Structure formats: C-alpha cells, structure tokens
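Here are my notes on the model, set out as numbered points. Please read them with the structure open beside you.

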Amino acid sequence: MKGLLVKDWYQLKEIKRLIVVMVLVCLFLFIGNGGEGNSISFIFGYLMIMMSMMAVMTIGYDEMNNGFPFLMTFPVTRKQYVIEKYVLGILLLLLGWIFGMVLSIGNEMLNTPKAESPLVILLQGVIFFAVGLLFMSVSMPIQLKMGGEKGRIVAVLILMALTVAFVLGGRVLGKAAPEVLQKILKNMNVFMSGNFFIPVVAAVAALFVILSAFISVRIMEKKEF
C-alpha cells in the first residue's frame, strides 16, 4: 500500500498548479471578505470537496492508457488498491481540514468582537470534514463503476440533488409547518452543543466510509480489464 501512496503522490504533483490555484482562491476569498464567517464556511466546504475530488481523480489517472491491467501485475490486490484510495482521500481531507482550521483561527483573530468560541470552530470543522467524507464515499464507488469524467459528473449531480432536496425540504417544511421546523432546529442546536455530537458524527461518517469501501471493493473485484 505504501507503494500505491507514493505513486499517487507523484500523480498529484502533476496537478500542483491546480493545488496552487485552489489555495490562492481560498486566500483571495478570505482576504476579500475580511475573514467573514460566511466566507470561512464556504472556503471550508470548498476545501473538503476539492480534496475529495483530488483523491477520486487519481482513479482516472490509473485508468488512462489501459493502466489498470499494468497496476494489477504488481504485488497488490484489488482490495488493497481500493483501501489505499480511501486512505489517500482521508489524508488529503486532513490536510484541507488543517488549512481550513488555520483560516478559521485567523478569522477569529481578525474579528475579535464577533469571534466564535473554540468549541464552535471545532464543531464546524467536524461537520465539514464529515461532508468531505460523505462526498468521497459517494464518489469512489461511482468513479470505479463508471470511470472517467462520466463518473465524476454523476457523483456531483447526485450530491447536488441531495443538497437541493435538503434545502427545498427545509423551505417546504418551514412554510407548511413552521413550528415543526423550529422544534427540529432547536433540537439540532441542543444536540450540536452536547457532548455526543462529535462522537455521533464521527461514527456516522465512519459508517458511510466503511460501507462505501465495501461497495468499491466489490466493484473492483468484478471489474474486467
């Protein structure tokens, strides 16, 4: 697995310009908005999605020029190949998370009168990390199954559909039964401020990743080269 991680590291070095542009975009948004809370939330989410996509992109590189049959001649199983992709994705998400937390701390220093508490910053970081894991969990099996640009497009469309459904569902509920929505939001705030929020989110995210990895392994094992 170490050899696969080294291979992907060299592949990612080929898109270093994209990484530099991504970092510059984040810094530009941060400075341009004066470190406002909304810009931080957008940047954090943007980082997590981009880091997940970078891990998924390495599968596309492996597929180029009929690369899978060549890779499978090395002493590595299909299961190890899949697990390595998830390990890579988690490592990239951690890098993005660290960068996002640095910006969040910078936001706190710039906006001292409106500064968030360390607990709130940590909770936001946990939520966005979980979002990145969710995106990766959806994208990996689709990419392995469909491959190429088609797989990435389908994964993005599915996540966009889920997001739109969530937003529209909230608006419909707010108009049809505002008291129910208020009660749900109140319970969510209580839950997020409780001691069980981080463990529950971590457990749910881990469950999604494990289930996704299991599906991806099955897809890879049935894949014909």
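1. Start with Ser-212. This residue is buried, with a relative accessible area of 4%. The classes are these: buried is under 20% relative accessible area, exposed is over 50%, and partly exposed lies in between, with a 1.4 Å probe and protein chains only. Ser-212 sits in helix H9. Its contacts are Tyr-86, Met-136, Ser-137, Met-140 and Pro-141, leaving out residues up to four places away in sequence. Contact here means heavy atoms within 4.5 Å.

2. A word on the basis. This is a predicted model, in which local features need pLDDT of at least 70 and side-chain atom pairs count only at pLDDT 80 or more, while totals for chains, interfaces and linings use all residues. Residues are numbered from 1 along each chain as its sequence is written, and side-chain values use heavy atoms, with hydrogens and water left out.

3. Now helix H9 as a whole. H9 covers residues 197-222, which is 26 residues. From first C-alpha to last it reaches 38 Å, close to the 38 Å expected at 1.5 Å a residue. The expected span is 1.5 Å times one less than the number of residues. Ser-212 has buried company in H9, including Phe-197, Val-201, Ala-205, Val-209 and Ala-213. Further along H9, Ser-216, Val-217, Ile-219 and Met-220 are also among the buried residues.

4. What is the overall fold made of? The protein chain has nine helices and zero strands. Along the sequence the pattern reads α-α-α-α-α-α-α-α-α. Helices (H or I, at least four residues) and strands (E, at least two) are DSSP runs, numbered from the N terminus.

5. Chain totals next. Of the 225 residues in the protein chain, 38% are buried. The accessible surface comes to about 13400 Å², and 73% of that belongs to carbon and sulfur atoms. These areas come from the Shrake-Rupley method with a 1.4 Å probe; for residues, only the protein chains shown count as cover. Take the contacts between residues at least 6 apart in sequence: 80% of them join residues at least 24 apart.

6. Leu-5 and Leu-88 show such pairing between H1 and H5. Leu-5 lies in helix H1, and Leu-88 lies in helix H5. Leu-5 touches Glu-84, Val-87 and Leu-88, not counting residues up to four places away in sequence. Its C-alpha is 6.9 Å from that of Glu-84, although 79 residues separate the two along the chain. Leu-5 is partly exposed, at 23% relative accessible area.

7. Leu-88, by contrast, is buried or exposed? Leu-88 is buried, with a relative accessible area of 6%. With the same sequence neighbours left out, Leu-88 touches Leu-5, Asp-8, Leu-12, Ala-55 and Thr-58. The C-alpha atoms of Leu-88 and Trp-9 are 9.0 Å apart.

8. Gly-3 is also in H1. At 52% relative accessibility, Gly-3 counts as exposed. Gly-3 and Phe-74 are 71 residues apart in sequence and 10.0 Å apart, C-alpha to C-alpha.

9. Last, the second largest pocket. It holds about 320 Å³ of space. Of the 17 residues that line it, the closest to its centre are Trp-9, Ile-19, Met-54, Leu-92 and Leu-95. Helices H1 (2-13), H2 (16-32), H3 (37-63) and H5 (78-110) each give two or more residues to the lining. H5 gives the most, with six. On a 1 Å grid over the protein atoms alone, a pocket is an open set of points where a 1.4 Å probe fits, with protein on both sides within 12 Å along at least five of seven lines; lining residues have an atom within 4 Å of a point. Grid points are joined across faces, edges and corners, and the volume is the space filled by probe spheres set on the points.
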